[in-house]
Amino acid sequence: MTACGGEQRQAERPEAAREPGGAAAYIAELRAAINGLGLLDLAGRKLGTAHLDIDDVLGQTRKVADVMLETAECLLGSTATGQAYQSLVEERMIGLMEASGFQDLTGQRLNRIVHSLHAIEERLRLFAAHVQAQDGEIRLGTHELVRKSREVEQMLAGPGAPGAMTQDGIDELIRLAG
Amino acid sequence: MALDTSLPILVVDDYQTMVRIIKNLLKQLGFEDVDDAADGTAALAKLKEKKYGLVISDWNMEPMTGYELLRHVRSDDVLRSLPFIMVTAESKTENVIAAKKAGVNNYIVKPFNAQTLKAKIEAVVGI
């Protein structure tokens, strides 16, 4: 049994690992490739800060949406007239212009996230090429499993992808479905 | 087509900004009696407490989605005929068909404008 299992594992290894003394060299090379991934850096500096950056972007966009809504609510609900209304509009417009500065901050945060994702993708590609990886059965974490089951059962797939149905298309579908 | 602006409306969305946008648009259309709930579970509780004339619900919410809320409403003897509009970013054909099969009265895709909201409300509860 053990010999059979051993032969099978041996057969799965690249050529170098099957040569005498090759296994140790292969393991050392694999270890170097894994270390080259910089897993601690990925988990800490790349993914770790990406969460913070995304939270910040969400917070910033929410704040700006609040400013815009407050402005609209204030102006629509205002009973001021003439010069008083003009002053109110000017004051609120300046507030909107100030709030528009959020784009600079969120842009910087999003750029950092994009760079991190590129770095992660590149390191994974290099690692995959180095070890001649082939996808087997993918092990999903708890978060992915929950998400996947909800996607299937409740079609919780997030905002429609580009090319998804338009309002007119949906209206026609609803009409046809009776 | 005219709208009965005394109609009590329940807006269901877990994103407070969207709730505020829809409530403001409804206010502009003349609706004053507008409540909100942050997900399907909270909405069901409100629907049991007060008689609403229309539900405008998002699809993607946790823990109970708008789709699940719709199914609950349609299987409830008291609520089954309550007009229900889904307002969502879910614009995939299968989602629209699923919502229609579950009994949705109309379906609005985000982002939308005031005119679309008005037209859909008129189509569902216009007099």
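Chain A of this predicted model is built from helices, with eight of them and zero strands. Read from the N terminus, the order is simply α-α-α-α-α-α-α-α. Burial in chain A comes to 21% of its 178 residues. As for how its contacts spread along the sequence, take the pairs at least 6 apart: 58% of these join residues at least 24 apart.

Chain B mixes the two kinds of element, with five helices and five strands. They alternate from the N terminus on, as β-α-β-α-β-α-β-α-β-α. Of the 127 residues in chain B, 54% are buried. Contacts with a separation of 6 or more are made up, to 64%, of residues 24 or more positions apart.

Now for the strands of chain B. Strand S3(B) has a parallel neighbour in strand S1 (residues 9–12) of chain B, and four bridges hold the pairing. One of the pairs here is B:Ile9 with B:Leu54, the latter sitting in S3(B). S3(B) also runs parallel to strand S4 (residues 84–88) of chain B, this time over three bridges. In that pairing, B:Ser57 has B:Met86 of S4(B) as its bridge partner. The side chains of S3(B) split two ways: B:Leu54 and B:Ile56 point in one direction, B:Val55 and B:Ser57 in the other, and all are buried.

S4(B) tells a similar story on its own account. Its two faces are both covered, with B:Phe84, B:Met86 and B:Thr88 buried on one side and B:Ile85 and B:Val87 buried on the other. That makes five of five residues buried, so S4(B) is largely enclosed by the rest of the structure.

Past S3(B), the backbone does something worth a look. The peptide bond between B:Glu62 and B:Pro63 is cis, with omega at about 0°. B:Pro63 belongs to the loop that runs between strand S3 (54–57) and helix H3 (66–74) of chain B.

Helix H4 (residues 93–101) of chain B comes next, and its buried residues are B:Asn95, B:Val96, B:Ala98, B:Ala99 and B:Lys100. Where does the cover over the buried residues of H4(B) come from? Part of it is from the other chain: the covering elements include helix H8 (167–177) of chain A, along with H3 and strand S5 (106–109) of chain B. Just after H4(B), B:Gly103 has a positive phi of about 105°.

Helix H5 (residues 114–125) of chain B carries B:Lys120, a charged residue that also reaches across to chain A. Its side chain makes a polar contact of 2.8 Å with the side chain of A:Asp171. Leaving aside residues up to four places away in sequence, B:Lys120 touches A:Gln167 and A:Asp171 in chain A, and B:Ile85, B:Asn106 and B:Ile108 in chain B. Is B:Lys120 buried or exposed? Buried, because its relative accessibility is 10% and the cut-off for burial is under 20%. One of its contacts, B:Ile85, is also among the buried residues of S4(B).

Back in chain A, the loop between helix H6 (102–130) and helix H7 (142–154) holds A:Gln132. This residue has a positive phi of about 50° despite not being a glycine. A:Gln132 is exposed, with a relative accessible area of 56%.

The second largest pocket offers about 280 Å³ of space. Its lining consists of A:Ala133, A:Gln134, A:Asp135, A:Gly136, A:Ile138, A:Arg139, A:Leu140 and A:Glu144. Sorted by class, that lining has three nonpolar, two polar and three charged residues.

Technical notes:
Residues numbered from 1 in each chain as written. Chains lettered and ligands numbered in written order. Predicted model: local features only at pLDDT ≥ 70, side-chain atom pairs only at ≥ 80, totals over all residues. Heavy atoms only, no water. 1 Å grid on protein atoms, 1.4 Å probe; cavity = no way out; pocket = protein on both sides within 12 Å on 5 of 7 lines; lining within 4 Å. Points joined across faces, edges and corners; volume = space filled by probe spheres on them. Buried < 20%, exposed > 50% of the residue type's maximum accessible area, 1.4 Å probe, protein only. Polar contact = N/O pair within 3.5 Å; in protein donor to acceptor, adjacent residues only side chain to side chain. Contact = heavy atoms within 4.5 Å. Pairing = 2+ DSSP bridges.
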